[in-house]
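Opening the notebook on a new model. I'll jot down what I look up as I go.

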Amino acid sequence: VLWCLALGAAMIWLFVKRNYRPLNHIIDNLLQQNHEEKADFHGDEYEFIDDSIQKVFKLKDKMTGQLDRQNKLMRTNILAQLLKRGSLRGLPAGESLEDYAIRFIGDRFCVAIFFIEDVTELFADSSDMTELEKTEIAKYIIDNVMTELTNEGTSGFMTEIDDVQVCIINLADDEEAAEALVTLIQKIRDGQKILRQYYDFSFTVAVSDFHQGYSGIKNAYTE
């Protein structure tokens with residue numbers, strides 16, 4: 001009987017050791033990645049693995065957030081280069097506009113500039129909100145509404161330059177410029193009515209004619 005118990009204990013020890021070896025290997029790798037010594041490891045192995053996985057997810061989310069912010073900054077810089085210089089000097093070598101969610105549907109452009117007039121009544125019930133905070137919210141609302149309204153027959157790209165909101169509006173090749181401009185102005189007026197009705201703030205818009213090519217974006221902005 002004792003011999004059977006000893007044999008059984010030995011078999012159990014061998015199976016446990018064999019099955020534990022991959023787990024031990026995983027822990028060694030995780031310790032190495034975390035720049036920790038094995039002597040520093042105390043506690044339950046599965047809890048340690050779970051904690052390490054959570055750290056990886058948090059790091060991934062942090063890096064994704066940083067990459068998104070960098071891409072938004074690069075997108076803003078590229079649009080600013082088009083508005084001020086009429087060129088793509090700000091575009092890194094080997095990259096395309098589509099890498100920054102910029103996809104032109106034609107080579108004719110106009111520019112709309114938005115001037116927020118009064119945000120006093122915006123969220124009037126929120127007495128703790130400053131005028132600057134209300135202005136930033138108003139800009140966000142204009143950005144979303146105007147992007148939506150300008151994406152039919154045209155393609156709109158909102159950005160901010162010199163603390164002023166600007167929209168580069170790209171006209172499809174099969175659209176007639178004069179007719180598209182009339183339609184665009186009407187859409188902007190509709191947007192003004194919507195924001196005045198539902199958010200109690202107003203803004204003025206300056207809209208250029210359509211111009212040809214990237215250099216035409218600078219001409220439209222100057223106009």
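**Entry 1: the overall layout.** I started by counting elements, and the protein has 5 helices and 5 strands. This is a predicted model, so I keep that in mind for everything below. Reading from the N terminus, I get the order α-α-β-α-β-β-α-β-β-α. The chain opens with two helices, and a helix also ends the run.

**Entry 2: burial, contacts and surface.** Next I looked up how much of the chain is tucked away. Of the 223 residues in the protein, 31% are buried. For contacts I took residues at least 6 apart in sequence, and 62% of those contacts join residues at least 24 apart. The accessible surface comes to about 14700 Å². Carbon and sulfur atoms account for 54% of that surface.

**Entry 3: cysteines.** How many disulfides does the structure hold? I find 0. Why is there no bond between Cys-110 and Cys-167? The closest cysteine sulfur to that of Cys-110 is in Cys-167, and at 7.8 Å it is too far for a bond. The cut-off I need here is 2.5 Å between the two sulfur atoms. Checking from the other side, Cys-167 is in no disulfide either, and its nearest cysteine sulfur is that of Cys-110. I also checked whether these two see the surface. Cys-110 is buried, at a relative accessible area of 0%, and Cys-167 also counts as buried, at 0% relative accessibility.

**Entry 4: aromatic pairs.** Then I went through the rings. The structure holds 6 aromatic pairs. I picked out one of them, Phe-109 with Tyr-214, which is tilted. Its ring centres are 6.3 Å apart, and the planes make an angle of 50°. Where do the two partners lie? Phe-109 is in strand β1 (residues 108-118) and Tyr-214 is in helix α5 (residues 213-222), so this pair ties together parts that are 105 residues apart in sequence.

**Entry 5: exposure of that pair.** Are Phe-109 and Tyr-214 buried or partly exposed? Phe-109 is buried, with a relative accessible area of 1%. Tyr-214 is partly exposed, with a relative accessible area of 32%.

**Entry 6: the cluster.** Last, I asked which residues sit in an aromatic cluster with Phe-109. Phe-104, Phe-157 and Tyr-214 join Phe-109 in one cluster. That puts the strand β1 ring and the helix α5 ring I looked at above into one aromatic group.

How values were computed
Residues are numbered from 1 along each chain as its sequence is written. This is a predicted model: local features need pLDDT of at least 70, side-chain atom pairs count only at pLDDT 80 or more; totals for chains, interfaces and linings use all residues. Side-chain values use heavy atoms; hydrogens and water are left out. Buried means under 20% relative accessible area, exposed over 50%, partly exposed in between (1.4 Å probe, protein chains only). Helices (H or I, at least four residues) and strands (E, at least two) are DSSP runs, numbered from the N terminus. Contact means heavy atoms within 4.5 Å. Accessible areas come from the Shrake-Rupley method with a 1.4 Å probe; for residues, only the protein chains shown count as cover. Rings of Phe, Tyr and Trp (its six-membered ring) pair if their centres lie within 6.5 Å; planes under 30 degrees apart count as stacked, over 60 as edge-to-face and the rest as tilted.
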